[in-house]
Amino acid sequence: MRHRDDEIDDEDEDDEAPPQRRWWRWIFYPALLAFGLVLGLGIPYVYVLDGQVRERFSQLQWQVPTTVYARPLQLVPGQRMDASTLQLELIAAQYRADPAAGVPGTFARNGDHFVISSRGFTDVAAPVPALKVEVQLGSGTVVALRDAGGSALKAVTFDPARIAALYGSTQEERELVRADDVPPLLVAGLQAVEDRNFKSHHGVDVLGILRAVWIDAREGEARQGGSTLTQQLVRNLFLSNERSLKRKVNEALYAIIIESRFDKQTILVAYLNEVYLGQMGNQSIHGVAAAAKFWFGRPLAELPKQDIALMIGLIKGPSYYDPRRYPDRATQRRNVVLDQFAETGLIPATEATALKQTPLDVIPKPGIVTNRYPAFIDLVRRQLASDYPADSIKGAGMVIHTTLDPAAQIDAEAALNETLDKIQRKKGPTLDGGLIVTDVRDGDVLAVVGGRDATGYGFNRALDAQRPVGSLLKPFIYLLALAQPGKYSLATPLDDSTVTVALGNGRTWTPDNDDRRDHGMVRLVDALAQSYNHVAVRVGMDVQVERLGKLLKALAGIDVGSNPSLLLGAAEQTPFTMAQLYQFLASGGQVQPLHAVRGVLDAQGALVKRYDHPAAAAQAGDALAARLAAMAMQQVAISGTAGALQRDGLGFLQPAGKTGTSNDSRDSWFAGFTGSHLAVIWVGNDQNKETGLFGATGAMRVWAGLFRRLPSAPLQVSDAGMEWAWVSPEGYFSVDAGCPGVRRFAFVQGFAPPAQPTCDVSGNAGDESGWIRVPSADPVDPLTGAPAPGNDDAPPASGSQSSIPPDGGDTPPPAPSDPP
């Protein structure tokens, strides 16, 4: 048993303990308390960090921009194509000139001879393999196509140009890669420069930090960093750029947790997809694949060793070493990396020395296109809106294949700007315009120009500028007339004297010709060619304004009233809507909804939906009337209001067209088509002021400028289902070809004028002018194509509904689609 005296003795011994022992107790107990606090708080904190790592890394999902591509370039022998346009297409698709053309994405040109190594790609229909092909051009056409072995090819398809990227909220440009997609030198070189102990450390490399400090001190500059690849990945994924002790601690903890939970390859692939490598406006460039295209304009797999070295060097500071702004810095940094390649045995020292002498291989402008053609992408967005909500395709990694023709788009932009510069009056209002170019064979929209500033995001005049169309509706008046071959033909004589139309309530309307003159009796084809108003109103009232309104609704979704002023273009429409309307004539009577999207692929490359469905064949009656109208419009471009196209050297295209001018020359229009292209153009000003321009002096000049550049096929209108006859100069009779002053016209089979055995038609009954009035034959029913009773020579029935509303007020078929 201890006595009280013993306890007192112990206390005395403590009081007499050495000072060192008392100090130890003052240190030990607080340290023990601190350690307990660290365990108590640190373990839950690390647990929280671990949860964040598991959640983020288990998904490994980034916002990858949805990529928009132009249409693939397809060549076939005999196709219209010239060398400058082909080279323009290749450059738009980021092909590089290379004398050997030995790598995919390169080409060599010698005059009209090309050697092209294409890239493989996944098209809407199926994958298209890479191919090396020889293309021989001549006289503006494709003469021959041969593969690398010299065998003739029937067709070849080249990968399309990237024209836009639709970003999500992060505004990050990224193209995901797998481990197998990355060149081995890039993987090994990255570790040699940034983290030599990557394969062995556990997130934080103490020896690497000490080595980096020693090397930097030895060289007198920062040549190596102390952070591991894992730590760098942590900074990109979880942390800000704040410089603080807390961030460094968190960085180390995150790195250790990641290394404990994931294998090295997973970490490395994540790093390669996340690393920051540049900036382009609001878009940051992340990942090595996107950086390869941004800096070098080529896929990652095609990078040579010196470019791989530069890319690794840029990791240290993409802005500071920006090779476009600071080429000397970038060259020095690249050479440091090449030295480290040699030091670690990745390449021989002699090769590193040789590569250091090569110039930087960086393209002048970023090789990533965010939205080169905003007016066209505007149309793409609108046409996808019914299937995809506004933001659902942004950052979704999808691929959108469109119909854009890069050469047509570039040519259209140049034609509009150059022409407006020439015709702009010094004291006149600022001119602007909009235009649409389509493929007459399938309704593909090839180009959209929304204004002079083609790269701007402002008002899209091609889709949204609703302006009076003037005489652009006249061909559709005559289309309705020509659908009645027993009553109207191209040769029908018509009265161009002043006409007065009763409007009701005692009001009348008396339009005038542009030249304020009457022209007596004129042929239908000449009335359209010269754009005579009196004839258009007379024929329009005869075929009924209501039917014209129904036709416009059926073909282009145009909803207008039935006021007689509609006959002279009193309707405000956009260039896109008018292009949809004219597509019916340009296609030979087919209803082809204009479309800018071919198809959509998901992030895995699987087809989601196709949009390029072929249109139904034209009905027999529609086709005949449309082709006769096209013939009349060809006369417009020969001797009519668009006759200047002949003087412009475009007669070889045999184009069909129509000019249009609104009141006070505020709006200038032209719609014209060849055998392969339709272009509708509006020129005016946004303040709706008088421009002093007519259709032929404004919009048609733009059309001419476009088709001087654009390879296009001549328009050859088929005369199937027609017969030709020589018509007397006075009257409406078929006469011998040798008669003086006769003209040759096409007629629907069985509807040529009655034959006259002699050239002298003066004795035939007629009016005081000598013209014979139109025979009062019953028309063919344009709804079914069935002949009127007793008429055995009418066109065959089509068997289904026509797009041209019948004479009688029957309801036409609905419009195929409503344009934007």
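**Stop 1: helix H9**

Select residues 288–296, which form helix H9. In this predicted model, 8 of the 9 residues of H9 are buried, so the helix is largely enclosed by the rest of the structure. Colour the buried ones to see who they are: Val-288, Ala-289, Ala-290, Ala-291, Ala-292, Phe-294, Trp-295 and Phe-296. Now step just past the end of the helix. H9 is followed by Gly-297, and the phi angle of Gly-297 is positive, near 65°.

What does H9 lie across? Show strands S12, S13 and S14 together with the helix: H9 lies across these three, and it runs at about 45° to S13.

**Stop 2: the sheet beside H9**

Keep those strands on screen. They make an open sheet of 3 strands in the order S12-S14-S13, and the pairing is mixed. Which strands stand at the edges? Select 172–174 for S12 and 276–280 for S13: each has a single partner strand, so one side of each is left without a neighbour in the sheet. Turn the view to look along the sheet, where the twist averages 30° from one strand to the next.

Next, pick S14, residues 283–286. S12 and S14 run parallel and are joined by 3 bridges. For one pair to click on, find Glu-172, which stands opposite Ser-284 in S14.

**Stop 3: helix H8**

Select residues 264–274 to bring up helix H8. Is this helix mostly covered or mostly uncovered? It is mostly covered, with 8 of its 11 residues buried. The buried residues are Ile-267, Leu-268, Val-269, Ala-270, Tyr-271, Leu-272, Asn-273 and Glu-274. Then go to the start of H8 and show the side chain of Asp-263. One of its side-chain oxygens reaches to within 3.0 Å of the backbone nitrogen of Gln-265.

**Stop 4: Pro-183, in a loop**

Click on Pro-183, in the loop between S12 and helix H4 (184–194). Is Pro-183 buried or exposed? Its relative accessibility is 14%, and the cut-off for buried is under 20%, so Pro-183 counts as buried. Draw a line from its C-alpha to that of Ile-308: these two residues are 125 apart in sequence but 8.9 Å apart in space. Leaving aside neighbours within four places in sequence, Pro-183 is in contact with Leu-300, Ala-301 and Ile-308.

**Stop 5: strands S1 and S11**

Select residues 162–166, strand S11. 5 of its 5 residues are buried, so S11 is largely enclosed by the rest of the structure. What does S11 pair with? Add residues 66–69, strand S1: the two strands pair in the antiparallel sense over 4 bridges. Look for Tyr-69, which stands opposite Arg-162 in S11.

**Stop 6: Ala-396**

Pick Ala-396, in the loop between helix H13 (374–384) and strand S15 (399–402). At 31% relative accessibility, Ala-396 counts as partly exposed. What does Ala-396 touch? Not counting residues up to four places away in sequence, it touches Val-64, Thr-66 and Ala-603. Ala-603 is 207 residues away along the chain, yet the C-alpha atoms of Ala-396 and Ala-603 are separated by 7.1 Å.

**Stop 7: two crossing helices**

Show helix H19, residues 545–556, along with helix H20, residues 575–586. Their axes come within 8 Å and cross at roughly 100°. That makes H19 roughly perpendicular to H20. To see the contact, display Leu-552, Leu-555 and Ala-556 of H19 with Thr-577, Gln-580, Leu-581 and Phe-584 of H20. By class, this contact has 5 nonpolar and 2 polar residues, and no charged ones.

**Stop 8: Thr-659**

Go to strand S26, residues 656–661, and select Thr-659. With a relative accessible area of 7%, Thr-659 is buried. Which side chain makes a polar contact with its own? Show Thr-641: the two side chains make a polar contact at 2.8 Å. Beyond its neighbours within four places in sequence, Thr-659 has other contacts too, including Ser-471, Leu-472, Trp-669, Phe-670 and Met-700.

**Last stop: the whole protein**

Finally, zoom out. The protein has 23 helices and 30 strands. Of its 820 residues, 51% are buried. Among contacts with a separation of 6 or more, 69% are between residues 24 or more positions apart.

Methods. Residues numbered from 1 in each chain as written. Predicted model: local features only at pLDDT ≥ 70, side-chain atom pairs only at ≥ 80, totals over all residues. Heavy atoms only, no water. Buried < 20%, exposed > 50% of the residue type's maximum accessible area, 1.4 Å probe, protein only. Polar contact = N/O pair within 3.5 Å; in protein donor to acceptor, adjacent residues only side chain to side chain. Axes fitted to C-alpha atoms, helices over the stretch in contact; angles between N-to-C directions. Parallel < 35°, antiparallel > 145°, perpendicular 65-115°, else oblique. Contact = heavy atoms within 4.5 Å. Nonpolar A, V, L, I, M, F, W, Y, C, P; charged D, E, K, R; others polar. Pairing = 2+ DSSP bridges.
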